[in-house]
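Please read this briefing with the model open beside it. It deals with confidence and with empty space.

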Amino acid sequence: MVQAARLHVQASRLHYGVRACAEATEARFMPLTLQQYVAYLDTRGTTWPAPPEIKARKAKPRLDYLPEVRAVTWNVYGTLLAISGGELLFEHPTPFIMETALDKTIQEFKMWAAMSRKPGQPAEYLRQIYGNLVAEQRFIPGNVEKSPEIAADRLWESFIKMLFQKDYQFDAGFYGSLNEYSRKVAYFFHASLQGTTCYRGAVDALRLVKEAGLAQGLLADGQCFTTAQLQRGLSQQDPSANLDEWVDPSLRVFSCDVRARKPSKQIFREALDVFAQQGILPEQVLHIGSRLQQDLVPARRVGMRTGLFAGDRASLQATKEQLKESSSRPDVLLTDLRQIAEVIGGGKS
């Protein structure tokens, strides 16, 4: 069985790689999309940090059928997509990992020649600049948001503009405009910083919600590359997986676009406004996440139903006391993503 599983993974990766090569060939005379670029890097044999080892936490699922639910929204990192550290980081607490990611980015995009030659390693110099850019985005003058979000592509675009002063150039025919290029740099850096992989059953869960006829969205602390990372993980799980078929792009609400992170109510209200246009009320939306206080409590405060994903010890943030409190207790608790079938349809997963 183990050997069969390994062969399936290898076949999935091969299929994904062949498709990526074909798309890259077709796009030779036009810039690669971000999704094509992500696939291209994998076919090139780029070395990434290993995906995190998923360790289940002892928990008993609570799978009440919720017949009133007409829509499901998913948190991404730590819920659909496992990531080292449990959530997306901008600055890794381990200096070596941070410097390695920065150094790889400098080399990949040939930045060093346009950087000021000061004593020390290139990564050390970029680390100082990067830290300043992160601080600037977190403390934008006039921003009253208590949980402001950083936009990774804007951060890297600011740095690239600095390089332009030293006659830095990039291949626009391959990467696209400055904005598109900044997105690809942001993806490369973050992919070098943290490994990712989809949780078991992610493909099945998304497909089940779609087949049940419910609206389905992503409501997450996310960046310009989050959808591409998720699609990459889904494709590795099932080569035929297509996120666009299961999740309408209009129902993807990320913190980078709202410029507010959870637990800010702003990101949840943004999603509910979209659902309202479809005649779906807050109490008809089930939001699933792995962080109780950051994710589910604010969702509950704006009237949404809530589901806690407790399938990974690294991403789960919930105590026994919080699970008992009426103000924070989720409506359902999932230990496997495929259990969503019982919650939305009353059947067995």
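The notes below go from confidence to the cavity and then to a pocket.

This is a predicted model, in which local features need pLDDT of at least 70 and side-chain atom pairs count only at pLDDT 80 or more, while totals for chains, interfaces and linings use all residues. Residues are numbered from 1 along each chain as its sequence is written, and side-chain values use heavy atoms, with hydrogens and water left out.

**Confidence**
- The chain has an average pLDDT (the predictor's confidence in each residue, from 0 to 100) of 89, and 89% of the residues score at least 70.
- Residues 1-27 have a pLDDT below 50, and beyond near neighbours in sequence this stretch has 23 contacts (heavy atoms within 4.5 Å) in the model.

**The cavity**
- On a 1 Å grid over the protein atoms alone, a cavity is a set of points where a 1.4 Å probe fits but cannot get out, a pocket is an open set with protein on both sides within 12 Å along at least five of seven lines, and lining residues have an atom within 4 Å of a point.
- The whole structure holds 1 cavity of 30 Å³ or more, and the largest cavity contains about 100 Å³ of space (the volume filled by probe spheres set on the points, which are joined across faces, edges and corners).
- Its lining includes Asn 75, Tyr 77, Asp 221 and Arg 291.

**The second largest pocket**
- This pocket has a volume of about 390 Å³, and among its 19 lining residues Leu 34, Arg 183, Gln 223, Cys 224 and Thr 227 lie nearest its centre.
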